[in-house]
Structure formats: structure tokens, C-alpha cells
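Me: I have a model open and would like to talk it through with you. Could you take the questions as they come?

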Amino acid sequence: MQNEELKATITELLPAATFEEGGEWVNVQVEAADWLALAQALRNNPALNFDYLFCLTCVDWKTHLTMVYHLSSTQYRHNMVVKVKLDRNKPEVETLSAIWRTAEFHEREVYEMFGVNFLNHPDLRLLILPDGWEGRNPLRKDFEDPINMIKL
Amino acid sequence: MVEELGKTMEGDLIINVGPQHPATHGVLHLVITLNGETIKNVEPHLGYIHRSIEKMSESLTYRQFIYVTSRMDYLSAHINNHACALCVEKGLQVEVPARAQVIRVLMDELTRIASHELWWGAMAMDLGALTPFFYAFRERETINEIMEETCGARLTMNYMVPGGVLQDLHPDFQRKVKEFIQLYKRKIHEYDELVTGNIIFQNRMKGVGYLSPEDAISYGCSGPVTRGSGVRSDVRKIYPYEIYDKLEFDEVLETGCDSFARYLVRVREMEQSVRIIEQLIDNIPEGDYQAKTKAVLKLPKGEFYQRVETARGELGVYIVSEGGTTPYRIKYRSPGFSNLSVLNKIATGSKLGDLVAMMGTLDLVIPDIDR
Amino acid sequence: MFLKDYIKEVYGAVKSLVVGMRRTGYYFTHHKEIITEQYPDNRATLKLADRFKGEVVMPHDENNEHRCTGCTACELACPNGTIKVVTKFDITPEGKKKKAIDKLVYHLELCTMCNLCVTACPSDAIKMAQTFEHSVYDRSKLTKILNNPGSKIMEGVE
Amino acid sequence: MWSLSQIAGSIHEWLSTTFNPTIALILEMVIAGVAIIGLFAVLGLVLVIMERKVAAWIQIRLGPNRVGPKGLLQSAADTVKLLVKEGMTPDGADKFLFNLAPFVAMIVAMLLMAPIAFAKDFQLWDLNIGVLYVSSVSSIMVISILMAGWSSNNKYSLMGAMRSGAQIVSYELSAGLAILSIVVLTGSLQISEIVQSQANGWWLFKGHIPAIIAFVIFMIAVTAETNRAPFDLAEAESELTAGFHTEYSGMKFALFFLSEYVNVFIVCAIGATLFLGGWMPFHIGNWEAFNHIMDYIPSSIWFFGKTFFLIFLIMWFRWTFPRLRIDQLLNLEWKYLLPISMVNLLLMTALAILGWHF
């Protein structure tokens with residue numbers, strides 16, 4: 001499916017979605033509350049069939065956090081990007097681990113690196129950081145490593 | 001630990017495999033719940049070699065951050081560098097000279113063979129056959145020497161730069177690569193004799209670690225792991241980059257869905273890589289090896305995503321740029337991380353001895369998982 | 001037939017094992033194939049590739065002159081702060097002040113041999129050497145000063 | 001010509017003429033014991049260096065080549081290293097059993113030396129149930145492994161020990177049946193008689209195909225019984241780090257290591273005795289001249305030559321094959337080796353009754 005068709009279909013599914021121009025793929029911005037329903041629709045709609053979540057990450061924009069989901073379809077080979085804006089002080093979003101199992105691991109990584117709380121996640125624990133890690137989240141912009149080899 | 005797992009019952013045995021263990025090839029830590037010899041749950045604990053390359057890259061310029069990625073999946077260092085260089089080029093809209101493209105593809109494929117070579121040896125070693133490791137290294141060593149001659153290093157080459165490659169090919173490169181292909185063709189039948197055809201090996205691999213195509217997709221697996229389940233996933237074919245769309249090679253697919261299928265995919269992928277090298281080695285176009293770029297690179301504001309096929313699967317580089325000389329945020333979508341997440345799924349219910357076979361066929365490189 | 005399959009299975013299994021043993025037996029009897037490099041003993045014949053990246057050095061000519069202008073391009077290009085350029089001001093014969101290097105400090109322990117400094121250098125003052133035996137007992141010995149004591153910049157290098 | 005039996009005889013004569021019979025007997029026992037311990041040490045050194053060289057050549061390497069001429073003293077240097085290492089006992093271990101286990105392994109290996117005929121008329125104890133003695137004593141070996149695995153208080157060790165228990169117990173069956181098929185032919189359990197019965201040809205050649213099958217099964221079974229690859233599940237290093245001897249270090253580890261190699265020697269010696277004629281020289285029918293030359297080679301050389309050939313075979317297995325999984329290992333025994341060896345025994349019995357062997 002071409003980008004224009006994709007846009008039309010997604011607007012049909014979620015009229016509130018806004019599109020970001022530029023970039024090679026369709027770039028959708030949705031509200032955190034709408035996201036789970038849209039995700040299910042994207043996965044289950046036979047014309048879209050986005051079954052492959054190949055990248056899940058978060059960007060800290062200092063004023064807010066943005067969850068970035070890269071989706072692809074192994075059947076139609078079309079790609080899209082979904083962005084969900086989150087409140088930086090209390091970032092919360094529904095988990096996708098029931099739809100794409102790979103989200104479980106990636107969300108755990110985002111949880112510890114950015115402090116995003118994934119609601120209804122089956123196993124939201126620290127994955128990479130050592131047990132008992134307290135304090136800030138390493139990949140946020142205000143985190144300064146006490147020992148930074150590069151800036152020595 | 002016992003309380004955490006929750007599912008544990010009376011009489012279960014919890015053992016820690018790793019961080020120092022001969023089978024994990026690095027500092028992977030698996031907490032395994034066993035019932036006798038049968039695995040009930042596998043729980044990976046990561047982070048022993050986490051260097052936060054993503055955070056580091058945020059304070060490095062677009063020329064500098066590439067070298068760090070060699071340390072992610074050190075066995076396909078060239079391909080990691082390639083992905084980053086491609087992503088920066090996408091942002092800069094630089095046209096890479098034809099010669100540089102061919103050199104890059106040649107290096108990528110040599111790296112892929114070297115990586116699979118090491119995997120093959122280590123895989124056999126996991127299953128208790130120590131000898132194949134040395135035979136694999138004999139071939140791998142010739143590749144390393146070719147790399148050393150042209151790139152100046154054997155493992156972390158840092159040869160790809162935005163706009164092309166760092167240096168031109170060494171004059172001996174073509175001759176040595178041809179010699180390697182000769183050696184490879186002369187020795188490849190040993191792989192079948194020693195390992196592939198061996199009845200013990202086949203029994204250890206067949207039907208072990210069943211991964212259905214649906215699960216492979218849902219868990220975000222990529223590379224030989226998905227292709228072993230019959231799912232097309234070769235980025236070189238589906239989203240071609242560089243000159244891969246002009247080359248003749250097959251995407252290796254096996255439908256066994258088990259460890260043996262994944263094993264066969266990798267062994268046959270080596271042959272395809274040799275095929276690609278044979279097509280290119282006599283047809284390296286003359287010209288520049290590097291496009292003219294500015295001394296200080298600045299990417300325009302925006303987001304750039306580039307995926308390539310490493311020896312382990314799909315590597316994605318996601319650069320968010322604010323228009324400065326350093327990336328605002330970089331995300332590496334490493335193949336190993338997603339491939340590891342499937343381990344619990346496929347290992348549950350099998351024997352402890354199978355776990356090493358499964359980990360072997362997932363081809364885990366721990367720095368790639370931890371980044 | 002069950003028995004036939006059974007025998008066939010056993011025969012195939014034994015055959016695959018024998019094939020493997022023939023291969024290892026071949027190497028056991030053919031010592032020409034041995035590929036071991038006897039490293040410390042073959043130092044005399046060991047030849048490393050010209051491009052091998054062992055460490056950064058600054059070549060000096062016979063007059064103890066180097067080509068470094070102290071422009072700090074290498075320091076800026078280095079991804080992890082391996083190179084520190086300490087500059088001083090020389091007085092030229094005409095009485096002008098001229099920037100020159102006092103010391104070019106190189107931390108071998110931090111270096112990743114990425115070659116970025118060498119490519120960044122506008123006057124080809126530094127290059128990669130092919131040495132690789134860097135082990136020392138004291139870490140401080142890995143911090144090196146690349147320019148020789150008393151060295152000057154070569155005539156005509158700007 | 002000097003042979004081992006003559007040396008032993010002259011020592012015996014000298015001792016009985018010099019001392020009174022009781023003291024002479026005690027001295028003889030001491031000499032025998034010292035000789036066995038000496039043989040142990042020598043075997044350990046020789047077999048370790050042999051294994052390392054075989055492995056190296058198979059793996060296109062040079063192998064140890066620094067200590068002594070061609071690296072032959074490497075294992076002596078390793079022994080010195082192991083001797084001076086600290087003998088550690090982990091905190092949570094059952095100290096008594098933990099320290100006892102390597103000695104049990106050692107003692108079992110020593111006991112097994114008794115009935116082996118090293119050369120013509122050169123045997124420590126030619127008891128009339130020699131073969132039975134060997135197969136029964138060798139099963140005590142599993143106790144030392146279980147002891148080591150359990151007392152280490154380590155999960156890897158425990159799993160290795162349990163695996164090894166299952167493995168040794170099951171493979172003893174087919175090893176026993178293979179031995180039995182030769183006993184059927186010989187009609188005797190005494191080692192010297194078994195050797196004597198092969199004066200006109202080795203059982204491997206005289207016993208037709210059933211003997212060859214028995215020989216193959218015997219080799220597979222003893223490889224499993226001595227925990228060698230491809231059956232080294234008890235110490236599978238990629239699964240269980242080092243299995244039952246994970247916690248052992250220094251000399252206690254060396255004793256396990258040594259007893260493994262001595263066990264390999266013993267089973268190969270038994271194999272050589274049963275199938276390859278022990279110390280009997282190689283004869284071909286009526287080739288008088290050839291047979292005469294063969295007779296000139298001392299019997300001890302024949303015995304050790306055959307034994308080391310079998311040891312090499314086992315080493316060859318080890319450096320070629322991958323390891324089996326525990327369930328496959330037991331499948332192989334119960335579904336393949338045991339039925340085959342039972343049928344084989346039946347055939348062999350028929351052969352013996354009908355007198356079809358040479």
C-alpha cells in the first residue's frame with residue numbers, strides 16, 4: 001500500500017490522527033489514550049496487517065517524551081511510524097506486548113532508560129540496569145554520567 | 001530470585017547460566033528454572049556489558065559516532081559501520097561513488113562469511129565437537145588478513161565513513177579474495193562431513209527449538225532466525241540498499257522452523273555471500289572511493305532510519321537530528337536483542353542440553369544485545 | 001518394513017560417523033596442513049600489513065623536525081579524547097610570534113585505532129605505526145608524548 | 001631374551017632365597033603396589049600428552065611443544081603445577097565425602113589393574129573370575145562420581161553426577177553383554193585362559209561378524225562408561241561448566257583426571273585382551289617365517305601396542321563427534337545397543353554350540 005492510501009486508511013480508523021510531513025514513511029501522531037485501539041486496528045486490519053514491530057523507542061525532547069514505533073508488514077512490505085507524545089513528569093502509555101510480543105523486551109528497555117510506565121505490562125522490571133537501580137533514567141537528556149570518558 | 005519468578009514449584013532447580021559460562025559466549029546471564037533436565041523458564045538478565053552506546057553517540061559528531069558501533073556487534077563491525085554511514089548519507093543526501101559502493105558490499109559480504117564462520121565453529125563447540133572450531137578459524141583467518149591489509153584492523157575496522165570508505169583497496173585485495181574463494185570452495189565439503197551430515201549433530205538439532213513463523217514475526221526476530229522459519233526477511237532483498245538490487249543472489253529460506261533449519265540457513269548464506277563476491281571481485285569500477293563531503297557534517301533537522309542486514313539480522317539505525325553536528329538521539333535496533341527475547345518461548349519444555357543448541361542457532365553476540 | 005528401516009537407519013548413522021572420522025583422520029596424518037603460527041619465535045619473519053593500525057606516531061626527519069603545526073585538528077577529530085595538543089608561541093627570526101606545539105600528548109590506553117586523527121591531519125604530521133606489542137607494567141607508560149624533545153617544525157609546513 | 005615375566009621371576013627367586021617366606025610375600029606385595037602406582041603416574045603422563053598431541057594434530061595445531069623435547073615433558077610440568085596448587089574445599093560442601101571422592105575413583109582404578117595380563121605370564125592376580133571381577137569393580141566408579149557431585153553442594157555438579165549415574169548404569173549392560181559373547185566362545189572367565197584361547201587367532205577374526213559387532217558395541221559402551229566424548233555428559237562443559245568436578249581443584253582434580261585416563265587404559269586393555277588377543281602376537285595361518293618374526297616382538301609390546309591403538313581410537317572419537325543429549329544417550333543404549341547386543345549374544349551362542357568359529 002502506498003503512503004497516500006495508508007494515510008487515508010489510518011484517517012478512517014482514527015480521525016484524530018495527525019500526520020507529519022517529510023520522511024520516507026507515513027508518520028502518524030496519536031494521543032496516548034487512542035494508541036492501543038489504533039494499534040489493534042493496525043495489526044488486525046487485513047488491508048494493513050502491520051505484523052512486524054521492528055523498532056520501539058523513545059525520544060526525550062526536554063519538554064515532553066515521544067514514543068516512536070516503527071511498524072512494518074511482512075505481507076505488504078509497507079512501513080509506518082507512529083509517535084505518541086507523553087507527559088515528561090508522568091509518562092504513561094498502554095503496553096503493546098499483547099499485540100506484538102517483541103514490545104515486551106523493548107518496553108522494558110524504554111522503562112528503565114526513560115522511565116516510561118507501561119500500563120498492563122506483564123513483566124515491567126529492570127532489564128539492563130543493575131538490580132536496585134535508583135534514581136534517574138540514563139537516556140534522558142538531564143542525566144549526566146558522573147564518569148564521562150569523552151568529556152574528560 | 002525465587003519469589004520473582006513466581007511460577008516456581010517445590011522440587012524445581014534454579015540455576016544461573018552465566019555471566020561467566022562456557023556456553024553463553026560472553027556475559028549473558030540466564031536464570032533457568034529446571035524440573036529435572038527439563039527447562040521450565042528462561043529469564044535473561046542483561047546489562048553486564050552495557051556501555052550505553054546510544055548515550056555516548058549523542059555527544060559524538062557524525063564522523064565520530066560510527067567507530068563506536070563497531071563495538072556493538074563486533075563480528076559484523078563493517079555492516080554496523082555501513083548502516084551508520086548510510087543513515088548519515090541519507091540525511092546529507094550524498095551520492096556515494098560507484099567504486100565505494102562495490103567496496104562496501106564486498107566488505108559486508110566478507111564480514112558476513114567471517115561471522116558465520118565463527119558462528120559455525122562456536123556452534124559445533126557448544127554441542128561438544130571441539131575440532132570444527134579450528135577448521136572454521138582457518139578460513140576466517142584468511143578473511144581477517146584481507147581486512148587487516150586493506151582496513152588496517154582485523155575486527156573493529158572503522159573503514160566505512162560518510163560518503164564512502166576511508167582508504168582505497170589494497171593492491172593485493174583482489175588476488176587475496178580470489179585465493180580465499182578457492183580455499184573456501186576446497187574446504188566447504190568438510191563442513192558437511194564433520195558437522196552437517198553427522199547423525200549425532202542432526203539428532204541434536206532437528207526438532208529442537210521450534211519457532212513458528214507467526215512467533216518469529218511477532219517477537220520481532222530477523223535474519224537467519226526468521227528465514228529458518230520460512231519468513232522472508234532479508235533486508236538486502238526487500239529494502240535493497242547500495243547495489244544489492246543489481247546483484248544475483250538468493251534469499252535462503254528453510255521451512256523446518258527448528259534449530260537445524262536455522263543452521264542450514266547460515267551455512268547456505270555463506271555460499272550466497274561467496275556468490276556475491278564472485279560477481280563483484282572482477283568488476284570493481286574505477287573512480288573515487290569517497291565522495292567529497294564537508295569537514296564538519298551537519299544533518300538537517302529531521303529523522304532518518306536506515307536498516308541493513310547484518311550477519312545476525314536486521315540492524316536499524318534511527319537518528320533524530322536537530323540540525324547540529326551531533327545526533328540528538330540515536331537508537332540502534334539491534335537484531336540480537338529481539339532474537340534473544342524469543343529464547344524463553346522456544347526453550348520452554350526442552351532439555352538443558354538443547355538450550356545450548358538453541359542459543360547457538362540464535363547466534364547471540366552479547367555486546368549487540370546490551371549495546 | 002520395520003527391520004529394513006532399522007538396519008538402514010543404523011547403517012546411515014554409522015556411515016556419517018565414519019565420514020567424519022575419515023576427515024579428522026586425514027588431518028591427523030597430514031601435518032603439512034598445520035597452520036599454527038609460533039608467535040614469539042617468528043618475530044623475525046612476522047610481517048604486518050602496511051596499513052595495520054598499531055599506534056599513532058609522529059615521524060621526525062634527520063634534523064629532528066616534524067610536520068605538526070599544532071592546529072588541533074586531530075584533537076577535535078578524536079572520538080574519545082586520546083590526543084591533547086599543548087601549544088606554545090615561538091618567536092620567529094623576524095620577531096613575530098608563531099604558534100607551535102609544545103607537546104602532543106597521546107593516550108595509548110584510550111586509543112581505539114580508528115584512524116580519524118590521521119585522516120583529519122592537514123599536514124600529514126602523524127601516522128599509524130605497525131607496532132602491536134603495547135603491554136607494559138605501568139599504565140602511566142601508555143601516555144606518550146609524540147614529538148621528540150627539542151624538535152622543531154619543518155620548514156615550509158603551514 | 002628379557003621379558004617381564006623373567007624379571008618378575010628373578011625378583012621372586014631372589015626375595016625367597018634372601019628372606020623368609022612371609023617377609024618375601026610382604027615385600028612382593030609392596031613391590032607390586034609401588035609398581036602399580038608407578039604405572040599410574042606414567043600412564044597419566046603418557047596418556048595426557050598423547051591426548052593433547054592427537055587433539056592438536058586433528059585440529060591442525062602443533063600441540064604442546066615448549067617443555068622438553070617436542071613438548072613431551074609438558075604433562076610433567078602440568079603435574080607439578082597441579083601438585084603445588086591449593087587444594088580447596090568449598091564452604092557448603094560435605095567435607096568428608098568431598099575429599100573422599102577422588103580417592104575412591106583412584107582406588108577403583110587401581111583395583112581394576114589387578115587381573116590385567118600385561119605380558120606373557122605377567123599378571124598380578126589371575127583369578128578365575130577375572131572378567132566378572134573387572135565388570136563388577138568398574139561399576140563402583142559411579143559411586144565416586146555421585147559422591148563428588150552430591151558433596152560439592154553445586155547444582156551443576158549434582159546434575160552432572162545424576163547424568164553420569166544414569167549413563168554408567170545403563171551402558172554397563174551392553175558392555176557386559178559384549179564381554180559375555182566372548183566368554184561364551186572361550187568358556188572361561190579367567191583372563192589368562194581367554195588370552196590362551198586366542199593363540200591360534202584373535203577372537204575378532206575367529207568369531208565372524210558377531211565378534212565384530214560385539215567389539216564395536218564394546219568400544220561404544222566403554223567410551224560411555226569412562227565418560228569420554230561424545231558421551232561426556234557428566235562434565236559437558238558447554239552445559240554444566242565442568243559437571244561433577246566443577247568444584248575440584250589442584251591435586252584432587254588431578255586424581256579425577258588421572259583416574260579417567262587410567263580407566264580408559266583399563267577398558268582398552270580389557271578390549272585388547274578379549275578381542276585382540278591380549279599379549280598374543282599377530283599370526284597369519286601358515287606363514288611360518290612371518291609368524292616367527294612376530295614372535296620375536298616381546299609380548300608386553302604386543303599388549304601395550306594393542307591397548308594404545310584402542311586408546312587412540314577412543315581419542316579419535318572424542319575429537320570428531322559432538323556430544324549427545326541425555327535422552328538420546330539413553331535411547332541409543334536401550335533402543336539400539338542393548339537389542340543389538342542381545343541378538344548378537346544369541347548368534348554368538350549358536351556359533352559356539354555349532355562350533356562354527358575357527
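Me: Let's start with chain B: among contacts between residues at least 6 apart in sequence, what percentage join residues at least 24 apart?
Reply: In this predicted model, 70% of those contacts in chain B join residues that are at least 24 apart in sequence.

Me: And how many helices and strands does chain B have?
Reply: Chain B has 16 helices and 8 strands, and 58% of its 371 residues count as buried.

Me: What about the radius of gyration of chain B, and what would a compact globule have?
Reply: The radius of gyration of chain B is 21 Å, which agrees with the value near 21 Å that a compact globule of 371 residues would have. Along the principal axes, the C-alpha trace of chain B spans about 65 × 50 × 35 Å.

Me: Which domains does the assignment give for chain B?
Reply: The domain assignment gives domain 1, covering 1-46, and domain 2, covering 49-370. Taken over C-alpha atoms, the centres of domain 1 and domain 2 of chain B are separated by 29 Å, and the contact takes 14 residues from domain 1 and 19 residues from domain 2.

Me: Where does the largest share of the domain 1 side come from?
Reply: Strand 3 of chain B supplies that largest share, with 6 residues on the side of domain 1 that touches domain 2. By type, the residues on that side of domain 1 of chain B divide into 8 nonpolar, 4 polar and 2 charged.

Me: What comes after strand 3, and which residue is in the loop between strand 3 and helix 2 of chain B?
Reply: B:Ser52 is found in that loop, between strand 3 (38-45) and helix 2 (53-57) of chain B. B:Ser52 has a positive phi of about 55° although it is not a glycine, and most residues other than glycine have a negative phi. B:Ser52 counts as partly exposed because it has 16 C-beta neighbours inside 10 Å.

Me: Switching to strand 6 of chain B, how many of its 8 residues are buried?
Reply: Strand 6, residues 302-309 of chain B, is mostly covered, with 7 of its 8 residues buried. Strand 6 pairs with strand 7 (residues 314-321) of chain B in the antiparallel sense over 8 bridges, and B:Gly302 stands opposite B:Ser321 in strand 7.

Me: What lies between strand 6 and strand 7 of chain B?
Reply: The two strands form a hairpin with 4 residues between them, and B:Gly313 in the turn has a positive phi of about 145°.

Me: On to the assembly: of the 5 pairs of chains in contact, which share the most contacts?
Reply: Chains B and D share the most contacts of those 5 pairs, with 24 residues of chain D in contact with 26 residues of chain B. On chain D, helix 7 (155-186), helix 11 (237-240) and helix 15 (326-354) each supply at least two residues of the side that touches chain B. The residues on that side of chain D divide into 11 nonpolar, 5 polar and 8 charged.

Me: And how far apart are the closest C-alpha atoms of chain A and chain D?
Reply: The closest C-alpha atoms of chain A and chain D lie 23 Å apart, and no contact joins the two chains.

Me: Last thing, what are the ipTM and pTM of the model?
Reply: The model scores ipTM 0.83 and pTM 0.87, while chain D has a mean pLDDT of 83, with 99% of its residues reaching 70 or more.

Note on methods
Residues are numbered from 1 along each chain as its sequence is written. Chains are lettered from A and ligands numbered from 1 in the order in which they are written. This is a predicted model: local features need pLDDT of at least 70, side-chain atom pairs count only at pLDDT 80 or more; totals for chains, interfaces and linings use all residues. The radius of gyration is taken over C-alpha atoms; the globule rule is 2.2 Å times the number of residues to the power 0.38. A residue is buried if 20 or more other C-beta atoms lie within 10 Å of its own, exposed if 12 or fewer, and partly exposed in between; C-beta atoms are placed from the backbone. Two residues are in contact if their C-beta atoms, placed from the backbone, lie within 7 Å. Ala, Val, Leu, Ile, Met, Phe, Trp, Tyr, Cys and Pro count as nonpolar, Asp, Glu, Lys and Arg as charged, and the others, Gly among them, as polar. pLDDT is the predictor's confidence in each residue, from 0 to 100. Two strands pair if DSSP finds at least two bridges between them. Domain bounds come from an automatic or database domain assignment.
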